[in-house]
Amino acid sequence: MGQLGVTTAVALALSVVTGCASSSPSRTRLGPAAATPSPSAAPIWGPTAPEAARYVIMHGLVGELGEVVLRLQPQGPVGPRTIWEGQGHGTASLFGVGESSSFRSRFDAGSGLSTAWSIHRNTGTATILDECQQRTAGEISNHRVHSQKPEEWSTLHARAPTTDLMGFLLRLRTRPPVAPESVMVLDGRALWRVTVAPGVVDTVSVAKRPHAALRFVLRAEPLDWLLAPSKTRKRQDLTVWLANDRTRTPLALVAQSSLGNVRIEADLTPRVASR
């Protein structure tokens, strides 16, 4: 049970920027998808240029578990309605059990929604590809290719604006909440209702140095595709620290587990993002 708790926390922490979970939706044919986001106030925070970043996954008892590498590219000039394209990969291993993920995501800063995303996961025993598109807010088409199961097409009726995991972080960066708010987050086929409170000014240690930050406390409640509480997954509590500056760059994330916290921390070695 203890090992499962840590592994779940590692997977969830890795999921925040890659994606690695599953659930069982109702089956529906995937159709053409073109997002039609609703208008909203222009964000004033977030990325200002292409970004490249590396994050280290650590556990207090066993040390480094893996890494996540991200790239973020604006489609056109950076502004309040920029379309951001993200991609990256992550790996994590604990007690000889590991998995890897690669992903792509398209996020519309103007609407605060992910419009298309894909996650490819290798669990060590199977490979799973999930491709998603959000035609209108809360309507997500999913195409899954599993190495050991038949190909599937499904539609999620989330009844609320939905993001993928990278899109959730970009939403938090570009439009930090001024009051508690809940957002639907789809990770592979695992649906979560993530509630986040306004950020609190804080200082976080990264690479043993203090950094000015905003601390956000997240509560992730698992749902099935009928929007009922999941019977197979448990609620997760996480804390995210973003840089307290214009960019709101993610600095660290902590996911709780029964055998200690799993921490994802930014590698602040200077990097150059390709333009």
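This is a short presentation on the predicted model of one protein chain, its strands and a few of its side chains.

Good morning. Residues are numbered from 1 along each chain as its sequence is written. Because the model is predicted, local features need pLDDT of at least 70 and side-chain atom pairs count only at pLDDT 80 or more, whereas totals for chains, interfaces and linings use all residues; side-chain values use heavy atoms, with hydrogens and water left out.

I begin with confidence. By pLDDT I mean the predictor's confidence in each residue, from 0 to 100. The mean pLDDT of the protein chain is 82, and 80% of its residues reach 70 or more. Residues 1–12, however, have pLDDT below 50, with 27 contacts in the model beyond near neighbours in sequence; a contact means heavy atoms within 4.5 Å. Residues 16–43 also stay under 50, and for them the model has 88 contacts beyond four places in sequence. Where pLDDT is low, the predicted coordinates should not be read in detail.

Next, the chain as a whole. It holds two helices and 16 strands; both are DSSP runs numbered from the N terminus, helices being H or I of at least four residues and strands E of at least two. Of the 275 residues, 49% are buried, where buried means under 20% relative accessible area, exposed over 50% and partly exposed in between, with a 1.4 Å probe and protein chains only. Among contacts with a separation of 6 or more, 53% join residues 24 or more positions apart.

I turn to strand E3, residues 83–94. Which of its side chains are buried? Trp-84, Gly-86, Gly-88, Gly-90, Ala-92 and Leu-94 point to one face and are buried, while Ile-83, Glu-85, Gln-87, His-89, Thr-91 and Ser-93 point to the other face and are not. E3 has antiparallel pairings with E2 and E4; two strands pair if DSSP finds at least two bridges between them. Ten bridges link E3 to E2, residues 63–75, and here Gly-66 stands opposite Ala-92. Twelve bridges join E3 to E4, residues 97–108, with Ser-101 of E4 as the partner of Gly-90. Gly-90 and Ala-92 thus both belong to the buried face of E3.

Further along come E5, E6 and E7. E5 (residues 113–122) and E6 (residues 127–136) are antiparallel over seven bridges, and Ile-119 has Asp-130 in E6 as its bridge partner. Their hairpin has four residues between the strands, and Gly-124 takes a positive phi near 100 degrees. E6 is also antiparallel to E7 (residues 139–146), over eight bridges, where Gln-134 is partnered by Ile-140. In this second hairpin two residues lie between the strands, and Gly-138 in the turn has a positive phi of about 90 degrees.

Now a single residue, Thr-239, in strand E14, residues 236–243. Is Thr-239 buried or exposed? Thr-239 counts as buried because its relative accessibility is 17%. Not counting residues up to four places away in sequence, Thr-239 touches Arg-215, Phe-216, Ala-252, Leu-253 and Val-254. Its C-alpha atom is 4.6 Å from that of Val-217, 22 residues apart along the chain.

Finally, two charges over rings, meaning NZ of Lys or CZ of Arg within 6 Å of the ring centre and within 35 degrees of the ring normal. The charged end of Arg-233 sits over the ring of Trp-192, 4.7 Å from its centre. That of Arg-263 sits over the ring of Trp-241, at 5.9 Å. Thank you.
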